[in-house]
Amino acid sequence: MHDIGIAHWADDLMHWAEDIDRDLPWKSTTDPYKIWISEIILQQTQVSQGKAYYLNFIQEFPTIEALANAEIQKVLKVWQGLGYYSRARHLHKASIFLRDNFNSKLPSNYTSLRSLPGIGDYTAGAILSFAFDLPFPAIDSNVIRFISRLFGIFNHPSSKQNLEALKSKIIPGFDTFRPSLLNQALIDFGALMCTPSTPKCSECPFNQRCYAYTHEAVAELPVKKKKIVKRSRYFHYFMITDDKNVVLNHRDNTDIWRGLTEFPLIETEDDLFDSTEAIKIINEKMGIHHLNITLKQIESKRQLLTHQIIHGKIYHMYVKKIIKIKEPYFLADRQKVSTFAFPKILTDCIHLWVDVV
Ligand code: SF4
């Protein structure tokens with residue numbers, strides 16, 4: 001590993017950071033709850049999009065207690081569109097635990113924070129340093145990229161050895177600089193200067209000492225994770241309506257989008273779809289018996305997840321009057337359909353629901 005001396009690089013980094021002003025709402029607070037929420041939201045979205053979600057989330061649930069007392073469906077609704085719904089469920093679960101055991105406060109020690117659902121090494125470091133100014137690194141992808149390139153760290157990206165190597169470079173800097181400021185400067189430098197594909201090496205204050213730049217290894221660092229082979233799944237959704245209601249279903253606990261609401265769904269092995277067979281299934285599974293049912297495809301969408309590609313098709317089916325429906329399906333008032341939390345593949349088509357419903 002290339003060693004350039006912590007004192008000098010941290011000095012130069014903090015000097016660079018003096019001119020940086022990223023005006024983000026969570027940067028001007030030391031409230032541990034707000035920092036926690038912002039960090040979880042930013043794990044899965046761009047800063048520009050995350051800002052609106054953060055402000056909305058804090059407005060809906062201004063305290064740990066407010067979040068803990070909310071219905072999970074309400075939390076999922078506010079989270080709708082961000083994806084990774086398990087993170088919203090973890091936030092809710094952790095807030096209940098904090099309300100019941102920590103007087104609705106986040107603890108200021110690493111072990112207690114790490115024991116909470118959804119709080120990993122990065123989030124714990126961010127809360128401890130940004131809220132309490134304690135000497136813990138907050139190593140996100142920006143910091144991994146910058147420090148790996150600067151020092152020439154070639155470890156396996158998700159290994160414990162890699163995390164320890166990165167920490168060993170950062171921690172001595174806390175002897176000289178406030179943890180909140182040094183961690184923020186590291187994140188900002190990775191986000192603004194040492195970017196993934198076109199880092200600003202020619203204007204970088206480290207370019208004469210940077211391992212990656214001086215060894216022409218910028219593209220090789222940080223070491224990349226192996227590409228995940230994604231599985232294709234084919235979802236056929238049925239928007240079944242009469243004049244007043246639409247048929248809905250809550251997803252079960254064993255698959256993606258746990259707890260979200262959706263239209264009745266048939267999953268097939270490939271894109272091929274037999275509408276006669278589908279109508280038979282709808283009759284048997286939902287107890288909707290009607291002569292001359294016709295299905296009309298109204299939309300086709302694709303959604304990429306970490307390990308899967310969802311190919312979704314949405315069909316409309318009008319039934320004159322739905323008298324009863326078999327569980328777990330239920331009838332919802334068509335006018336109130338937007339109060340439920342749906343997966344993105346369905347919310348993307350909401351304009352069509354409004355037209356058809
Ligand atoms: S010289 Fe380039 S690769 Fe090295 S730290 Fe600076 S921006 Fe990153």
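**Note on the ligand site and the domain arrangement**

1. The largest cavity is the space that the ligand takes up. The model is a predicted one, and the points below should be read as describing that model.

2. Nine positions need not be searched for by eye: the ligand is surrounded by Phe146, Arg149, Cys194, Pro199, Cys201, Cys204, Asn207, Cys210 and Tyr213. Cysteines in this shell include Cys194, Cys201, Cys204 and Cys210. Sorted by class, the shell holds seven nonpolar residues, one polar residue and one charged residue. Arg149 is the charged member, and Asn207 is the polar one.

3. The protein chain splits into two parts, with domain 1 covering 6-214 and domain 2 covering 231-356. The residues listed around the ligand, from Phe146 to Tyr213, fall within the bounds of domain 1.

4. Between the C-alpha centres of domain 1 and domain 2 the distance is 38 Å. The two domains do touch: eight residues of domain 1 make contact with 15 residues of domain 2.

5. About 860 Å² is buried between domain 1 and domain 2, and carbon and sulfur atoms account for 48% of that area. How many salt bridges link domain 1 and domain 2? The count is zero.

Conventions:
Residues numbered from 1 in each chain as written. Predicted model: local features only at pLDDT ≥ 70, side-chain atom pairs only at ≥ 80, totals over all residues. Heavy atoms only, no water. Near = heavy atom within 4 Å. 1 Å grid on protein atoms, 1.4 Å probe; cavity = no way out; pocket = protein on both sides within 12 Å on 5 of 7 lines; lining within 4 Å. Sits in = over half its atoms within 2 Å of the grid points. Domains from an automatic or database assignment. Contact = heavy atoms within 4.5 Å. Buried area = accessible area lost by both parts, 1.4 Å probe. Salt bridge = Lys/Arg side-chain N within 4 Å of Asp/Glu carboxyl O.
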